[in-house]
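Visitor: I should like to learn how to read the features of a structure. Might we go through one together?

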Amino acid sequence: MKNDMGLIVKTTARATIPLIGIFGAYVVSHGHLTPGGGFQGGATIAGAGILFLIAFGLGEMKRRYNHHLYSALEGLGGLVFLGAAMLGLGVAFFYNTLWHNGPVFNGQPGTLLSAGYLPIMNLAVGLKVFAGLVSAMVAIAAFRRWDE
Amino acid sequence: MSFIAVFIWSFVLWLVLTAGSKGLLWSPEELAAGLIFSGVIALTTKDIIGEKAARFLNPAKWVGFVIYAIGPLFWGMVKANLDVAYRVITGRIKPGIVRVPVDLENDAQYTILSNSITLTPGTLTIDACPEEKALYVHWINVTEKEPKSSEVIAGSFEKWARRLGR
């Protein structure tokens with residue numbers, strides 16, 4: 001059985017996967033300014049991964065997908081989120097110390113580098129959601145019982 | 001080279017998305033973030049976009065795409081929409097799937113031609129077979145069962161696709 005899509009789908013996927021990726025990165029990194037945020041952006045980027053999986057087939061995906069890397073990235077996302085939450089532990093857990101007296105991310109509200117730890121947390125959640133969803137989809141696609 | 005192609009491709013979309021962060025232009029932090037994110041995207045997807053994608057960085061090609069989009073493609077879509085509206089009202093249809101031989105070399109040309117054919121109503125590309133150099137097109141009003149070229153279905157699209165995807 002052929003595992004991948006035809007030529008047109010593949011060529012279009014080649015062109016659109018970077019665009020989906022950068023749009024997801026935009027949604028994640030502007031989570032404190034525009035609608036969206038970590039989960040939505042991460043799911044968008046995971047959509048690019050799933051498009052790759054569907055358009056190019058499982059064989060191609062298996063060659064580029066590294067389970068340990070994605071597992072580590074997911075863990076890293078969670079840890080960064082927790083680390084950002086602990087930054088202001090001197091006052092309280094989740095105290096936004098970057099916003100009140102931090103060196104970065106305390107710019108004019110409405111600009112990219114504002115809102116304290118929120119951009120960091122959005123990036124962390126985006127990374128975690130992306131890695132988690134892609135790993136889940138690859139695991140489901142690699143499930144082999146029906147292929148006998 | 002494909003790294004540069006993806007980088008520019010994604011950075012342009014970033015610029016479009018974040019335009020207006022400083023007046024009508026871009027603030028430096030948005031530009032820096034765009035460079036970083038485009039770099040990451042380019043690093044991760046440079047093997048996907050294809051080795052020869054950098055040929056689309058040629059500005060002459062962009063002009064060609066714009067001329068094609070607002071010229072032949074738009075005009076073809078207008079004509080085909082009116083034609084399909086006529087067929088909806090009168091019910092005079094003769095649907096069928098025809099094999100259209102085409103003379104194209106690479107994937108991009110097939111994709112441009114197939115998408116153009118699908119975008120013009122009444123014709124729908126079902127499959128592109130580069131190994132037999134043919135497209136299979138579902139046609140709402142078959143006038144020629146075995147066309148010798150794509151002229152009857154797509155007009156001048158094949159010529160454009162050959163030029164744009166080269």
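Visitor: How many residues do chain B and chain A each give to the contact?

Guide: Contact means heavy atoms within 4.5 Å. Here 27 residues come from chain B and 23 residues from chain A. This is a predicted model, in which local features need pLDDT of at least 70, side-chain atom pairs count only at pLDDT 80 or more, and totals for chains, interfaces and linings use all residues. Residues are numbered from 1 along each chain as its sequence is written, chains are lettered from A and ligands numbered from 1 in the order in which they are written, and side-chain values use heavy atoms, with hydrogens and water left out.

Visitor: What area do chain B and chain A bury between them?

Guide: Buried area is the accessible area (1.4 Å probe) that two parts lose on being put together, summed over both. For chain B and chain A it is about 2200 Å², with 76% on carbon and sulfur atoms. On the side of chain B that touches chain A, the elements giving two or more residues are H1, helix H2 (28-45), helix H4 (107-119) and strand E2 (123-129). Helices (H or I, at least four residues) and strands (E, at least two) are DSSP runs, numbered from the N terminus.

Visitor: Is Asn122(A) buried or exposed?

Guide: Buried means under 20% relative accessible area, exposed over 50%, and partly exposed in between (1.4 Å probe, protein chains only). Asn122(A) counts as buried because its relative accessibility is 15%. Asn122(A) belongs to helix H5 (residues 118-141) of chain A. Ile8(B), in helix H1 of chain B, is partly exposed, at 32%.
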